[in-house]
Amino acid sequence: MMYDVKEETRQIIGEVYRDGNPNSGVLSSLKNTSTLNELRNQDALQTIIRNLAKNQLSQDGKPTIAEVSVYAALHFYAICQQGQDQLAYAPSKGVQPGGVQLFVALANLQSEENTLDGRVNALLLANNVANIINELTHLIRRLKSSGSAQKIDFPQVAQDLCDFQQGYKQAGWVRLRWGEMYFYNHSDSQKEGEMTND
């Protein structure tokens, strides 16, 4: 079964952000737990469950593809949003929210720091979603600690993770797209730097 989880992720982020008055308890809980099974904050759990369709919810206690994907994107969002006055992602009412694709943001950061290639390569070689989420968590934390003002499209991250879990072919497509965004944008910014130095 194919899932579309972008809209659900967008709605949950909107509820957590609360028009500029973030629910700090939910944010903290999402930030400090890496899987849905660890989540102990009832407000966070209710917000997630309330916004997912019945066929996206677990029937046996084992998180579904949709739940894993949405929760991981919320975890990443919470890492970036916690302690920030500026929005890490802004789902405005009635407006299609923008945001930088995660791997474009990482390419932009790489061109400044020149330290991410190894971690991105490890991520692109990972074969299971737990390893992907673990590597993404490290990369998101690097992005946050850099002070980057880039607003990430977290609903697209949720969709990518969902697509990754749909099968071997789909996982390959997601990895290829991530690699293309990262390496093309990274090499593009290197070329621009070389041209300005000439």
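A polar contact here is a pair of N or O atoms within 3.5 Å; inside the protein, one of the two has to be able to donate a hydrogen and the other to accept it. Keep that cut-off in mind for the views of Q56 and N41. Everything shown is a predicted model.

**Figure 1. The whole chain is helices and loops, with no strands.** Start here to get your bearings. The protein has nine helices and zero strands, so its elements, read from the N terminus, go α-α-α-α-α-α-α-α-α. Out of 198 residues, 44% count as buried. Take the contacts between residues at least 6 apart in sequence: 74% of these join residues at least 24 apart.

**Figure 2. Q56 sits buried in the loop between α3 and α4.** This residue has a relative accessible area of just 3%, which is why Q56 counts as buried. What does the side chain of Q56 meet through its polar atoms? One polar atom of the Q56 side chain lies 3.5 Å from the backbone oxygen of D4. There is also a side-chain to side-chain polar contact, between Q56 and E8, at 3.3 Å. Skip the neighbours within four places in sequence, and Q56 still touches Y3, D4, V5, E8, T64, A66 and E67. D4 and E8 thus turn up again in that contact list.

**Figure 3. N41 reaches two backbone atoms from the loop between α2 and α3.** Is N41 buried or exposed? Its relative accessibility is 19%, and the cut-off for buried is under 20%, so N41 counts as buried. The N41 side chain gets to the backbone nitrogen of A44 at 2.9 Å. A polar atom of that side chain also lies 3.3 Å from the backbone oxygen of G25. With neighbours within four places in sequence left aside, N41 is in contact with G25, V26 and S29. Those three residues fall within helix α2 (residues 24-32), the subject of the next view.

**Figure 4. Helix α2 packs across helix α4.** Two numbers to look for in a helix pair are the angle between the axes and the distance between them. For α2 (residues 24-32) and α4 (residues 65-81), the angle is about 115° and the axes are 8 Å apart. That angle makes α2 roughly perpendicular to α4. The crossing of α2 past α4 is left-handed. On the α2 side, the contact is made by L27, S29, L30 and K31; on the α4 side, by Y71, L74, H75, Y77, A78, I79 and Q81. Sorted by class, these residues come out as seven nonpolar, three polar and one charged.

**Figure 5. Helix α1 also meets α4, in a right-handed crossing.** Here the axes of α1 (residues 6-17) and α4 come within 10 Å and cross at roughly 35°. T9, I12, I13, V16 and Y17 are the α1 residues involved, and they meet V70, A73, L74, Y77 and Q81 in α4. Which classes make up this contact? It has eight nonpolar and two polar residues, with no charged ones. L74, Y77 and Q81 of α4 are worth a second look, since they are named in the contact with α2 and in the contact with α1.

**Figure 6. Helix α8 is mostly covered.** How many of the residues of α8 (residues 154-164) are buried? The count is 10 of 11. The buried ones are F154, P155, Q156, V157, A158, Q159, D160, L161, C162 and F164.

Conventions. Residues are numbered from 1 along each chain as its sequence is written. This is a predicted model: local features need pLDDT of at least 70, side-chain atom pairs count only at pLDDT 80 or more; totals for chains, interfaces and linings use all residues. Side-chain values use heavy atoms; hydrogens and water are left out. Axes are lines fitted to C-alpha atoms, for helices over the stretch in contact, and angles run from 0 to 180 degrees between N-to-C directions. Helices (H or I, at least four residues) and strands (E, at least two) are DSSP runs, numbered from the N terminus. Angles under 35 degrees count as roughly parallel, over 145 as roughly antiparallel, 65 to 115 as roughly perpendicular and the rest as oblique. A crossing is left-handed if the near helix is turned anticlockwise from the far one by less than a right angle, and right-handed if clockwise. Contact means heavy atoms within 4.5 Å. Ala, Val, Leu, Ile, Met, Phe, Trp, Tyr, Cys and Pro count as nonpolar, Asp, Glu, Lys and Arg as charged, and the others, Gly among them, as polar. Buried means under 20% relative accessible area, exposed over 50%, partly exposed in between (1.4 Å probe, protein chains only).
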